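Biologist: I am new to looking at protein models, and I would love a close look at just one part. Could you walk me slowly through the place where the two chains meet?

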Amino acid sequence: MSFEPKILGIACNWCTYTGADLAGTTRLQYPQNLRVVRVMCSSRINPSFIFRAFQLGADGVLIGGCHPGDCHYNTGNLYARRRLAVTKKILEFSGLEPGRFRVEWISASEGNKFSEVVTEFTAQIKSLGPQTKFKISQ
Amino acid sequence: MTISFKQIEEKLKTEAKRLLESGQVSVVLAYGKGYDEKHPMPYVARNPSDVANIVFNEYCNYNMARYLVRYPAGTKIAVAVKAADSRAVIQLIQEEKVKREDLVLLGIPVYGMKNPKTQEIIDGKTTGGLYNPVLYDILLGDEVHGQAIQLPYDVLAAYESMDKEVRFAFWKKEFDKCIRCYACRKACPMCYCDPCFIDQNKPKWGDKSPKFHGNLMYHLTRFHHLAGRCIDCGECSRACPVDIPLYLFHKKVARECEEMFGQAAGMSIEDKPALVNFRVDDSDKILE
C-alpha cells in the first residue's frame with residue numbers, strides 16, 4: 001500500500017479557510033491528506049501546537065494565514081511571521097526535515113493557490129516518507 | 001591585566017553596606033559562602049550586618065538577575081551583575097517585570113570565571129563573550145579591555161554543518177539523558193512563568209515523565225519561549241546535572257533571531273523583545 005501522509009493544516013478563519021472554502025465551491029481537486037483546523041488568526045497558533053502535532057503523528061504541518069498587511073486584526077500575521085520563522089529554525093536545528101513545515105499566505109480569493117499549495121506540499125511529504133523522529137512510538 | 005577577585009569583593013561589600021545603611025535599597029543580591037570555596041551560593045543581604053558574608057571569587061557564575069522577579073513590585077533591590085547578568089536585567093526591564101528606578105546595578109567587569117564542575121574557564125563558547133556589564137550604576141573595578149573577544153557563535157559551526165540525521169541523533173541522545181529536574185528552568189533569569197507550560201494539566205502539553213518525547217516537547221518549547229530573550233549566560237547548561245549542552249540550542253536560536261530581526265536580546269532598554277514586536281517590512285524569506 002502506498003504511503004498516505006497525514007498533514008495538519010491550520011488555517012486562519014478570514015483568509016486561508018475562506019480560500020479553502022472557495023476551492024471547494026469552485027470544485028477544485030486537491031489531495032485529501034490535509035486535515036484543516038480553523039483558528040481565528042495565524043497568530044493564535046501556539047508553536048507547541050506544531051511540536052505536538054508532529055509528536056502525535058503528523059507527517060507535515062501547513063499553516064495558512066492572510067497576506068502580510070491584510071490581516072483581519074491588522075497586525076496578527078506580522079507577529080505570526082516572526083514567531084513561525086523561529087519555529088521553523090528550531091525544528092530544523094533539532095534535526096527534523098525542514099520540508100515538513102510550511103507557512104503560506106493564502107487570501108480568501110485564492111482558491112487556486114490553496115489547491116496548488118496543498119497538492120505540492122502533499123507530494124513533497126510523500127517523497128519525504130513517514131515522519132518518525134518526533135512521533136511518540138507506541 | 002589580571003582580575004583581582006578580592007578587590008571586587010571588597011568593593012562589593014563597601015557598596016552593599018553603604019546602600020543598605022542609607023536605606024536606598026532593602027535587599028542586596030550578591031554571592032555568599034557555600035560549603036567550600038568552589039561552591040559559592042546566591043546570597044541575599046537584608047541588613048548592613050549581613051554584608052560580611054558576601055564573597056566573590058572566580059566560581060561566582062550564578063546569574064543573580066534570576067532572583068529579581070521573586071520580590072514584590074516596588075522593592076528596592078541592588079544586584080551584583082556581570083556582563084551577561086546585566087543583559088538579563090535589561091531584558092527583564094524590557095518585559096516590564098522590574099522597573100529601572102527600583103534597581104541599583106553593581107556592575108562587575110570580569111573575565112576568567114570558572115565552571116566549578118569542570119574547572120574550565122567560562123568564555124565566549126559558553127556565554128555571550130562579553131566582559132563588561134552593558135548597564136550598571138556603579139562599576140566595581142575598571143572596565144576590561146584588550147581581552148581577546150571570543151565570538152559566541154563560533155561553537156555552532158560544527159553542529160550546523162552536521163547532517164540532519166546526525167544532528168537528530170545527537171539531540172536525541174542528549175534529551176534522552178534529561179531527568180526533568182527543571183534545574184535549567186530554575187536557573188534561567190528569563191523563565192518566570194507561573195505555572196510553566198509543562199506543569200499545566202489542561203491542556204497537557206507534554207508527558208511529565210522523563211521519556212524522550214516529553215523531554216523533547218519541554219526543551220523545544222522552552223527554546224522557543226526563550227527565542228529573542230535568551231541572553232546567553234549559559235546558566236542552564238551549568239545547572240544541568242546530566243550536562244545537556246542546552247546553551248548550543250539557545251545560541252542557535254539567539255543567532256537566528258539576531259540575523260532575522262536585527263537585534264540581540266538585552267542590549268538596550270529601549271528595544272522591545274523581538275517576538276512581541278514586528279516590522280512591516282520583515283521579509284517573507286525568513287519563513288523559507
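**Where the chains meet**

Modeller: Happily! On the chain A side, 33 residues take part in the contact, and chain B brings 41 residues to it. Please keep in mind that this is a predicted model. Together, chain A and chain B bury about 3400 Å² between them, and 69% of that area is on carbon and sulfur atoms. Three residues are good ones to find on your screen: R81(A), R82(A) and F93(A) supply 27% of the area that chain A buries against chain B, more than any other three residues.

Now for the charged pairs. Three salt bridges are found across the interface of chain A and chain B. In one salt bridge, R82(A) pairs with D282(B), and their closest N and O atoms are 2.8 Å apart. So R82(A) turns up twice in this tour: in the trio that leads the buried area of chain A, and in a salt bridge with D282(B). Counting polar contacts between chain A and chain B gives 15 residue pairs.

Which elements of chain A supply at least two residues each to the side that touches chain B? They are α2 (47-55), α3 (76-94) and β4 (101-105). Of the elements in chain A, α3(A) gives the most to this side, with 15 residues. Sorted by character, the residues on the side of chain A that touches chain B are 17 nonpolar, seven polar and nine charged.

Note on methods
Residues are numbered from 1 along each chain as its sequence is written. Chains are lettered from A and ligands numbered from 1 in the order in which they are written. This is a predicted model: local features need pLDDT of at least 70, side-chain atom pairs count only at pLDDT 80 or more; totals for chains, interfaces and linings use all residues. Side-chain values use heavy atoms; hydrogens and water are left out. Contact means heavy atoms within 4.5 Å. Buried area is the accessible area (1.4 Å probe) that two parts lose on being put together, summed over both. A salt bridge is a side-chain nitrogen of Lys or Arg within 4 Å of a carboxyl oxygen of Asp or Glu. A polar contact is a pair of N or O atoms within 3.5 Å; within protein, one must be able to donate a hydrogen and the other to accept it, and residues adjacent in sequence count only if both atoms are side-chain atoms. Helices (H or I, at least four residues) and strands (E, at least two) are DSSP runs, numbered from the N terminus. Ala, Val, Leu, Ile, Met, Phe, Trp, Tyr, Cys and Pro count as nonpolar, Asp, Glu, Lys and Arg as charged, and the others, Gly among them, as polar.
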